[in-house]
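Here are some short exercises to work through with the model open beside you. Try each task before you read its solution.

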Amino acid sequence: MNKIADALKKPVIRILAAILLGLMAAGVILAIAGYPPAASIAALGKGIFSKPKYISNVIIKSTPLIFTGLAVAFAFKTGLFNIGAEGQFIIGCLASTLVGVTVKLPAVLQIPLILITGMAAGAAYGGIIGLLKAKFGIHEVISGIMLNWIALYLSNYVCMLPAFRKGDTNGTDQVSEAGRTLILGAWKKTGEGAAVLKKIPVFGEILLKTDANIGFVIAVLTAVVLAILLKNTIKGFELQAVGYNKYAAEAVGINIRKNILEVMLIAGAVAGLGAALYITGNSPHKVTVLSAFEGMGTNGLGVALIAGSSPIGCIFSGLLFGGLLYGGQALQYEVGAPTEIINITIGTIVFFVAIIQGVPKLLEKYGGRRKGHAE
Amino acid sequence: MKTISKEYAVQMHGITKKFGTFCALKNVELNVRAGTIHSLLGENGAGKSTLMNVLYGLYQADEGEIYLNGEKVKIKSPSDAIDLGIGMVHQHFMLVERFTVLQNIILGEEKLSRTGILDMKKAKREVEEIAERYGLSIDLDAKICDITVGMQQRVEIIKALYRGANLLILDEPTAVLTPQEIQELIKIMKNLVESGKSIIIITHKLKEIKAASDICTVICRGRYIDTVKVKDVNENQLAALMVGHDVKLVVEKEKAEPGEAVLEVEDLVVDNERGIEAVKGLNLQVRRGEIVGIAGIDGNGQKEFIEALSGFIKARSGVIRMNGREIQNTVPETVLESGISIIPEDRHKRGLVLEFSVIENAVLNKYRKEPFSNRGFLKKAEMEKFAAGLIEECDVRPADCAMTQAGNLSGGNQQKLIIGREVSNDPDLLVAVQPTRGLDVGAIESVHKTLIRERDKGKAILLVSFELDEIMNVSDTIAVIYDGKIQAVYEQGTVDENELGLIMAGGKQHE
Amino acid sequence: MLNSVTLLIAITLMYSTPMVFAGLGNLISEKTGVINIGVEGMMTIGAFAGAAVCYFSGNAWLGFLCAGLAGGMLAVLHAAASIVFQCDQTVSGIAVNLIGPGAALFICSLLFEGATSTQPVSDKIPKIFGDISAEGILGNLNMDVTVVIAFLMAAGMWLLFYKTKWGLHLQAVGEHPAAADTLGIKVNRLRFGCVIASGVLAGFGGASVTLGIVSQFTPITIAGQGFISIAAVIFGKWTPHGAYGACLLFGFAQALTVLLGGGESVIPSQILAMLPYILTIVMLVLFVGRGVAPKASGKPYEKGSRT
């Protein structure tokens, strides 16, 4: 018993155990609903790994999730629950698209401009949450959720304004070619480009059939930068001190309000960066009216929680999500099971992540009694 | 082991209690004769509270038996204890602050009307009757957060009596009382005993044991040591029993030679968090090479004074000058830069980040400066070196604790870490608020030695404590705070405890 | 004129009702010290369960009760995580908010041939004045019975908190669980029960939407109303009457959205849709008093601990 308790104290073991339990729970639910669990897992695996383009799509799908995961995880490290990541992402998408559509610069300037716009917009929107908390003490969960809805309707409203709307469609124009971050995007659309790529085995297929873009690389870099920030800099030290014990932080002269605001600005910027890369890297490269949340931010919550709030962990956790969400489509196709089981699976994994925190303590409490009279 | 007999209100025999691998109590004996006041003496962490928690049903012993009035009993929960006539007044009061006195007293034993709703009128009548019977006057409709600590203790006592307690357990009852209130409590206890109740007091205060109790049982590190008739022993003997070796009860120090004033406070006025004046024109001076001790009962403005001094809250008016520079109404950073280091009252709240490692806590107020950081990046090697030095110098245990979370250290070691860290700042003024709270005798001695050593180096020391003995032993100058003002200032040795107690409670100086 | 006013009142009350149920649910959990942001997920599963059971059984009340059951079952997860495993209550609430809708959509898919919406139900919650199709004032005020039930629940909770011994116990557990424990009150048992009650209430709230306001379950029927109800509890200062009043306010904002957005109004529908959410933030900025939450909120209770 005690060996299990000790093992579970390590974060990586805990998370792997939670993922395993979550998948097992999903298998049980599928079995009850009449679908073969083994075949379902196999179908899931097939949907993720069996073709290079599948793997590429998983990576592409996980990229925005890594960003929103980072946006949540970073805030978590300093004690803030950034549920508003969804809204920050939406605003980032909106701002990036508007700039990408209206400004016409060569790629080498256009792309950085769009990315910076996305970061700025996300930062500003996240900053609202930070300000509301620092100045008025409003809890970031409530303000985040409210701002998410405000962002949704704001985006819908703006993208349909005559100034930005494209004709009769329910959205904006597409971001110009110069602003897109696809790998060899323009070239692969030409006749000769396509011909060359058809001959190259794995990577040719990936480039031709998927929206392979530079987003993943930047996501990994961002995670590394945030990890270094937290571990090795003065700012990271202060942010974590505030997150763990704001009273002690105050006692050594750290300005708590300033820190709260700074954290939300950074988190918002990360979400906004992810949004900009999402728009520039994935077709259709535009913003349309949404009837409901796309879920980037909501899934980002799950990504961060399963990553244990570690920035590097978000990379893997984001990939896990990407795999589940993308591969989940194969479930319907191969086994006939509703893809919504994936939603349940994700929720269950998060649930087990939460519970497993408390298991070592429980094991020790009951294990100790069984040990008997040692002295 | 004593024979089981009806003469004893309670007998605990062979009690052993473990928490995981830690053995809190081993084979402990306790025999309390009915109608006596029995004290349970031991250091912090000796196991006295644990033993009483077993008696009250909050914990179950792993081994051992309990007998009440000669009958063997099983106490599995506080409800059982209450049903058996045991009442407990905890050291940290178990009172709901937002409720009224009456609500707290009847909680769990409510009187219901025929329709099933609360019958507060009936409850009030019954409680008033009990209060009168035992001579405990109290305002039943006041909210707990609005009454004094002494009154709150009364509420706890009435709570126990309302449930028909015959055996009362009082856990460190005098920790929060003035000398006068302590006398009143002793009178109440003797009254209760005369009405046939039995009382157990848990304490580490030797003076109160002598003054209040008939018999004393000593516990040390979870083991039963001895039971003595109080009138047959003196304080030094009791202390030796408690600690296991001879103990110096008086602090040794040279006479102070104070220099110029380092801290000057003039007419300071500070509001508390509810907007009411708590510091009402405080004047104080602390000089180099001097320890000034502020004696006073909790709640007379000490908290607000220190918070204003630290820069956490604003003063309404008045001046705080440090080395000639005004520092009131600035920020904590400015206060720290002016040469002040503070050992906070609540080490878990203000003193440490429990989730940070010992190394990180060691540099908690230094990480911004060379050599611990450079251009925004932390220099981990330098941090580790500094922490290692601190751990060794201050004897923080265990010796290899550098990477462990500060929350895993014992209270005493946490305090050593904090004091070492603050002293290493080489401040001009060292402020120590309740620095020995919760520490055992050895650690207390070491803290006092540190304060005196710093004083001898020429530092100014400001000591705030609710332990009158500590103030009287350690300070060179004693300032008494009452009602938000310094009412009187004395040189050490020129005033006795009774006079101090009087001023602390609002009386006037004897001329 | 009177026509419009009664219409406004009616729609306000109708729209407030789901939030009142969810808000009371959140309140009873929070009062005992357990943070419960999972009411959104509990509402969703309740909304689905209510619609599905009603569709297959033809009985709206059966659906309503099953909705409460579904919410309560989901709440067991949260209670187990928060009280038995003593984990972070906010994280557990998030998990519930993921599992609830996930389960709802999954089962919906199974039962309704892959669709993520239920078929419209034929039997809805009855109206107060029965099946009259009168126009005018009486017709306007002919609201769902659930409106009355919600009000009675709020009143009942007020009585519970302030006039009964259970209410005293509840509040004590939320303010100072150790004190309650030393007086023989079973802290964790009480908390567990209240968390389940919060799920049941939230489930009722969900059903009052899918069986009353609309007549089916879709992925967007519960659009943040659970979260708005949490905000209502906060600036109702954690009292039943305060929460009820705050929910009315939000219902009013939503009613405005419906009334103004339907016709030819100057304000675009998207901007109107933002109203309730902007209003929430504004109200929080203007009106929240600090330090009124139950003192022990969010802290798991361990026997014998001194805090």
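**Exercise 1: Confidence along chain C**

In chain C, helix H5 (residues 136–140) has the lowest confidence, with a mean of 67, while helix H9 (residues 187–213) has the highest, at 94. Keep in mind that this is a predicted model.

Task: find the mean pLDDT of chain C and the share of its residues that reach 70 or more.

Solution. Start with the average: the mean pLDDT of chain C is 86. Then take the share: 92% of the residues of chain C reach 70 or more. Finally, go back to the extremes, where the mean of 67 belongs to helix H5 of chain C and the value of 94 to helix H9 of chain C.

**Exercise 2: Where chain C meets chain A**

Task: describe the contact between chain C and chain A, from its extent to its chemistry.

Solution. Step one is the residue count: chain C brings 41 residues to the contact and chain A brings 43. Step two is the area. The size of an interface is often given as the accessible area lost when the parts come together. For chain C and chain A the buried area is about 3700 Å², with 85% of it on carbon and sulfur atoms.

Step three is the polar side of the story. There are zero salt bridges across the interface of chain C and chain A, and one residue pair is in polar contact there, both residues being at pLDDT 80 or more. Step four asks which elements of chain C take part: helix H3 (60–84), helix H4 (89–111), helix H10 (225–235) and helix H12 (269–287) each give two or more residues to the side that touches chain A. Of these, H4(C) gives the most, with 13 residues. Sorted by class, this side of chain C has 30 nonpolar, nine polar and two charged residues.

**Exercise 3: Where chain A meets chain B**

Task: go through the contact between chain A and chain B in the same way, and find a salt bridge.

Solution. Begin with the count, which is 24 residues from chain A and 30 residues from chain B. The area buried between chain A and chain B is about 2400 Å², and carbon and sulfur atoms give 62% of that.

Next, look for charge pairs. Chain A and chain B share two salt bridges. One of them joins the side chains of A:Glu250 and B:Arg350, at 3.0 Å from N to O. The interface of chain A and chain B also has 11 residue pairs in polar contact, both residues at pLDDT 80 or more.

Now turn to the side of chain A that touches chain B. Helix H11 (215–232), helix H12 (234–244), helix H13 (246–251) and helix H17 (341–371) of chain A each supply at least two residues to it. H12(A) gives the most, with six residues. By class, this side of chain A divides into 11 nonpolar, eight polar and five charged residues.

**Exercise 4: Strands of chain B**

Task: trace the open sheet of four strands in chain B, then look at the hairpin of E9(B) and E10(B).

Solution. The sheet has the order E12-E11-E14-E15 in chain B, with antiparallel pairing. Its edge strands are E12 (277–287) and E15 (325–326) of chain B, each pairing on one side only. Strand E11 (residues 261–271) of chain B is joined to E12(B) by eight bridges, and B:Leu263 stands opposite B:Val286 in E12(B).

For the hairpin, strand E9 (residues 215–220) and strand E10 (residues 223–229) of chain B pair antiparallel over six bridges. B:Thr217 stands opposite B:Thr227 in E10(B). Two residues lie between the strands of this hairpin, and B:Arg221 takes a positive phi near 50°.

Definitions and conventions: Residues are numbered from 1 along each chain as its sequence is written. Chains are lettered from A and ligands numbered from 1 in the order in which they are written. Side-chain values use heavy atoms; hydrogens and water are left out. Contact means heavy atoms within 4.5 Å. Buried area is the accessible area (1.4 Å probe) that two parts lose on being put together, summed over both. A salt bridge is a side-chain nitrogen of Lys or Arg within 4 Å of a carboxyl oxygen of Asp or Glu. A polar contact is a pair of N or O atoms within 3.5 Å; within protein, one must be able to donate a hydrogen and the other to accept it, and residues adjacent in sequence count only if both atoms are side-chain atoms. Ala, Val, Leu, Ile, Met, Phe, Trp, Tyr, Cys and Pro count as nonpolar, Asp, Glu, Lys and Arg as charged, and the others, Gly among them, as polar. pLDDT is the predictor's confidence in each residue, from 0 to 100. Two strands pair if DSSP finds at least two bridges between them.
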